[in-house]
Amino acid sequence: MKIDRIELFHVAMPLIYPWRTAYGEDAAIDSVLCRLSSGSVEAWGESAPFAAPCYSPECAAGVFGVNRDWLAPTLLGKDIRSGEQLQSELSLFKGNPFAKAVLDTAWWNLASRLENRPLHELLGATRSSIPVGADFGVMDSIDDLLAAIGPAVDAGFPRIKLKFRPGWDVPMLAAVRTQHPDHIFH
């Protein structure tokens, strides 16, 4: 497929509850979105590094800039026929997995649309759904956390991931285990 147009967007979605972990706190989730077009068909991709390079070496503004200045211009106007070819075209640029991911996810979405095949089939998956979990950061109180976890347990999430920081770890785990002794937590 020929890549006719690449549009990039740096967006931030405010969170209802701040995402707190041992490294810090985020009030919004930053994402870089990509709309990739081939002829009249378009598709979207996303990469969601944090706003600051605290969790990984990349950050949303950097991902946006690397794509705008280097990666997207490398692909624009080229006929990319496979995921391997896409990665080969981007291999000149070292690292930057979040930056490359926004183009990769958009390309696979576009390939799925152009071939009129579900994405999971293109990727070689043998099933059309997978179990997912829920993640919870450090909250203002253990009661707030327990109130947030309850609906996830009731909804049947097979695993729940809990974030902690010093002083929040042992008391939080004890309260969660008391309220949900049989559920899987990570």
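User: Contact here means that heavy atoms lie within 4.5 Å. In this predicted model, which residues of α6 are met by Ile142, Leu145, Leu146 and Ile149 of α5?
Analyst: Helix α5 covers residues 142–154 and helix α6 covers residues 169–179. By class, the residues of this contact divide into eight nonpolar, one polar and no charged. The residues of α6 that meet those of α5 are Pro171, Met172, Ala175, Val176 and Gln179.

User: How are α5 and α6 oriented to each other: parallel, antiparallel, perpendicular or oblique?
Analyst: The axes of these two helices come within 10 Å and cross at roughly 40°. Angles under 35 degrees count as roughly parallel and 65 to 115 as roughly perpendicular, so an angle between those ranges is classed otherwise. Helix α5 is therefore, with respect to α6, oblique.

User: How many helices and how many strands does the protein chain contain?
Analyst: The order of elements can be read along the sequence as β-β-β-α-α-α-α-β-α-β-α. Counting each kind in that pattern gives the totals for the protein chain: six helices and five strands.

User: What percentage of the residues of the protein chain count as buried?
Analyst: A residue is buried when its relative accessible area is under 20%. The chain has 186 residues, and its C-alpha atoms fill a box of roughly 55 × 35 × 25 Å along the principal axes. Of those 186 residues, the share that count as buried is 39%.

User: Among contacts between residues at least 6 apart in sequence, what percentage join residues at least 24 apart?
Analyst: One example of sequence-distant partners is the aromatic pair of phenylalanine 9 and tryptophan 44, which are 35 residues apart. For the protein chain as a whole, the percentage of such contacts that join residues at least 24 apart is 62%.

User: Is leucine 90 buried or exposed?
Analyst: Leucine 90 is found in helix α2, which spans residues 83–90. Beyond its neighbours within four places in sequence, leucine 90 is in contact with Leu71, Leu75, Lys100 and Leu103. Its relative accessibility is 0%, so leucine 90 counts as buried.

User: How far apart in space are leucine 90 and proline 181, C-alpha to C-alpha?
Analyst: Along the sequence, leucine 90 and proline 181 are 91 residues apart. In space, from C-alpha to C-alpha, the distance between them is 47 Å.

User: Are α2 and α3 roughly parallel or roughly antiparallel to each other?
Analyst: Helix α3 covers residues 97–115, and it packs with α2 at an angle of about 155°, with the axes 11 Å apart. An angle over 145 degrees counts as roughly antiparallel. The two helices, α2 and α3, are therefore roughly antiparallel.

User: How many residues in the contact of α2 with α3 are nonpolar?
Analyst: On the α2 side the residues are Gly83, Leu86, Gln87 and Leu90, and on the α3 side they are Lys100, Leu103, Asp104, Trp107 and Trp108. Two residues of this contact are polar and two are charged, while the number of nonpolar residues is five.

User: Is the crossing of α1 past α3 left-handed or right-handed?
Analyst: Helix α1 spans residues 60–75 and packs with α3 at an angle of about 50°, with axes 10 Å apart. That angle makes α1 oblique to α3. The residues of α1 that meet α3 are Val63, Val66, Asn67, Leu71, Ala72 and Leu75. The crossing of α1 past α3 is right-handed.

User: With which residues, beyond its neighbours within four places in sequence, is threonine 74 in contact?
Analyst: Threonine 74 has its place in helix α1. At 17% relative accessibility, threonine 74 counts as buried. Its contacts beyond those neighbours are Glu89 and Phe93.

User: Is the aromatic pair of phenylalanine 50 and tyrosine 55 stacked, tilted or edge-to-face?
Analyst: The whole structure holds four aromatic pairs. One of them, phenylalanine 9 with tryptophan 44, is tilted, with 35° between the planes. Between phenylalanine 50 and tyrosine 55 the centres are 5.7 Å apart and the planes are at 75°. Planes over 60 degrees apart count as edge-to-face, so this pair is edge-to-face.

User: Which residue of that pair counts as exposed, phenylalanine 50 or tyrosine 55?
Analyst: Phenylalanine 50 has 18% relative accessibility and so counts as buried. A residue counts as exposed when its relative accessible area is over 50%. With 54%, the residue that counts as exposed is tyrosine 55.

Conventions
Residues numbered from 1 in each chain as written. Predicted model: local features only at pLDDT ≥ 70, side-chain atom pairs only at ≥ 80, totals over all residues. Heavy atoms only, no water. Helix = DSSP H or I, 4+ residues; strand = E, 2+ residues; numbered from the N terminus. Buried < 20%, exposed > 50% of the residue type's maximum accessible area, 1.4 Å probe, protein only. Axes fitted to C-alpha atoms, helices over the stretch in contact; angles between N-to-C directions. Nonpolar A, V, L, I, M, F, W, Y, C, P; charged D, E, K, R; others polar. Phe/Tyr/Trp six-rings, centres within 6.5 Å; stacked < 30°, edge-to-face > 60°. Left-handed = near helix turned anticlockwise from the far one by under 90°.
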